[in-house]
Amino acid sequence: DGNLNPGVYTLINDIASPDTGDMVAQSNTRIRVEETTEPSGEFLGCSFYKVLHQKTGQEIFIHNGDIVRWVR
């Protein structure tokens, strides 16, 4: 349905700040999605979602190709 489902995910790519270009979230760190999240926007056919990076506490923008579901 185009939404990001709740859960914990691991980043598989480093994520840069859209404002500064600085790396704000490194691969192999986690994000938590508390509730079903609708896309914040779309670019070149990819939906982007605003999520909270657990380690830094920063809001970051990711797409489905940046994450995998975390399994304990």
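**Close-ups of an all-strand protein**

Half of the story here is long-range: in the protein, 50% of the contacts with a separation of 6 or more are between residues 24 or more positions apart. Keep in mind that this is a predicted model.

**View 1. The whole chain has 8 strands and 0 helices.** Start at the N terminus and you'll read the elements as β-β-β-β-β-β-β-β. The C-alpha atoms fit a box of roughly 35 × 30 × 20 Å along the principal axes. Is that what you'd expect of a compact globule, and why? The radius of gyration is 11 Å, which agrees with the value near 11 Å for a compact globule of 72 residues.

**View 2. Strand β4 has two faces, one covered and one uncovered.** Look along residues 30-33: I31 and V33 sit on the covered face, while R30 and R32 are on the uncovered one.

**View 3. Strand β4 pairs with β1.** The two run antiparallel, and 4 bridges join them. To pick out one of these pairings, find G7, whose bridge partner in β4 is V33.

**View 4. Strand β4 also pairs with β6.** This pair is antiparallel too, with 2 bridges between β4 and residues 46-53. Spot R32 here: it stands opposite L52 in β6.

**View 5. The surface of the protein exposes about 4900 Å².** Carbon and sulfur atoms supply 45% of that area. As for what's tucked away, 29% of the 72 residues count as buried. Now for the charges: there are 6 positive and 10 negative ones, and their mean positions lie 12 Å apart.

Note on methods: Residues numbered from 1 in each chain as written. Predicted model: local features only at pLDDT ≥ 70, side-chain atom pairs only at ≥ 80, totals over all residues. Heavy atoms only, no water. Rg over C-alpha atoms; globule rule 2.2 N^0.38 Å. Buried < 20%, exposed > 50% of the residue type's maximum accessible area, 1.4 Å probe, protein only. Contact = heavy atoms within 4.5 Å. Areas by Shrake-Rupley, 256 points an atom, 1.4 Å probe, with all protein chains shown as cover. Lys, Arg positive; Asp, Glu negative; His and termini not counted. Charge placed at Lys NZ, Arg CZ, Asp CG, Glu CD. Pairing = 2+ DSSP bridges.
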